[in-house]
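Student: Please take me closely through the sheet, starting from one residue pair and working outwards to what packs on it.

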Amino acid sequence: MNTVVMDAGQALRLEGKTALVIGGSSGIGNGIAQCFRRQGATVHVSGTRVDASAYADEEGSVLTGLHYSQLDVSGAAALQAWQPDIERLDILVLAQGAVVYRRQEFETETFNHVVNVNLLSVMQLATRFYPAVKESLGSMIFIGSIGAFKSVVGNPAYAASKAGLLGLTRTLGDAWGREGVRVNAIAPGMIATKMTEVTTRHPERLKSALDSISLGRLGQPADIANLALFLVSPLASYITGQTIIVDGGRSL
């Protein structure tokens with residue numbers, strides 16, 4: 001079969017596509033959601049607040065142009081009860097995430113909570129929406145972390161769950177690729193979001209982080225969104241089961 005050469009700009013357009021971004025109300029997930037919207041997709045997002053108006057005071061009106069519904073992914077019952085108003089699904093992005101600092105992840109209850117959010121809910125939602133994504137021959141993206149490849153001191157649950165996500169991506173990418181559904185993951189490094197403010201708000205911690213990044217700057221949600229756009233486009237039609245690191249060289 002000959003490889004089809006296409007115009008890159010047109011290939012990155014998403015008109016007629018419907019995307020669902022879990023955790024799309026803030027941070028990396030919101031960056032991806034808004035990127036997809038700008039490229040012409042109809043984008044649905046979830047978050048933990050009651051409704052979209054609860055985000056009205058956020059900088060830049062983060063939910064502008066997005067269809068919002070509330071979802072707490074930490075409980076299996078809530079996941080099963082959730083019924084988003086989506087008739088067709090081409091793209092599923094699972095960007096939910098949890099991390100707990102001050103060594104609380106060494107406690108069983110907290111460890112379980114983080115793993116439930118970062119790993120178990122990903123599997124539950126991926127399998128739930130798989131039939132719809134298969135029908136459209138679409139793709140899925142999981143948001144992992146460079147914590148899957150290195151020690152994350154003080155956060156054993158976060159590290160273990162992100163390492164598990166690496167294996168899940170490989171396995172589902174292999175299994176579902178045979179059915180026409182591509183599954184890939186992105187492993188961000190230090191991205192400037194609310195989750196990383198525990199570091200970025202402290203000058204000494206920030207300097208230490210920047211010193212470890214080859215490119216000398218924090219990543220932005222747009223850095224992750226740009227790769228996500230590529231991965232769901234026809235330009236990435238021969239890529240599945242892969243986890244791609246986007247960390248400015250921090251893991252080097």
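Tutor: In this predicted model, Val45 stands opposite Tyr68 in strand 3. Strand 2 (residues 42-47) pairs with strand 3 in the parallel sense over 4 bridges, where pairing requires at least two DSSP bridges between the strands. Strands are DSSP runs of E with at least two residues, helices are runs of H or I with at least four, and both are numbered from the N terminus. Residues are numbered from 1 along each chain as its sequence is written. Local features need pLDDT of at least 70, side-chain atom pairs count only at pLDDT 80 or more, totals for chains, interfaces and linings use all residues, and side-chain values use heavy atoms, without hydrogens and water.

The open sheet to which these strands belong has 7 strands, ordered 3-2-1-4-5-6-7, with parallel pairing. Strand 3 (67-70) and strand 7 (243-246) are its edges, each paired on one side only. From one strand to the next the twist averages 20°; axes are lines fitted to C-alpha atoms, for helices over the stretch in contact, with angles from 0 to 180 degrees between N-to-C directions.

Two helices are described against this sheet. Helix 4 (108-135) lies across strand 1 (18-22), strand 4 (91-94) and strand 5 (139-143), at about 175° to strand 4. Helix 5 touches strand 5, strand 6 and strand 7, contact meaning heavy atoms within 4.5 Å, and its direction makes about 170° with that of strand 5.

The loops on either side of helix 4 each hold a residue to check. Arg103, in the loop between strand 4 and helix 4, has a positive phi of about 60° although it is not a glycine. Leu137, in the loop between helix 4 and strand 5, also has a positive phi, near 50°. Leu137 is exposed, at 59% relative accessible area (exposed is over 50%, with a 1.4 Å probe and protein chains only).

A search of the whole structure finds 1 cavity of 30 Å³ or more, a cavity being a set of points on a 1 Å grid where a 1.4 Å probe fits but cannot get out. Its volume, the space filled by probe spheres set on the points, is about 30 Å³. Among the lining residues, which have an atom within 4 Å of a point, are Phe149, Lys162, Leu165, Ala185 and Thr243. Helix 5 (156-177) and strand 6 (182-188) each give two or more residues to this lining, and the largest share, 3 residues, comes from helix 5.

Methods:
On a 1 Å grid over the protein atoms alone, a cavity is a set of points where a 1.4 Å probe fits but cannot get out, and a pocket is an open set with protein on both sides within 12 Å along at least five of seven lines; lining residues have an atom within 4 Å of a point. Buried means under 20% relative accessible area, exposed over 50%, partly exposed in between (1.4 Å probe, protein chains only).
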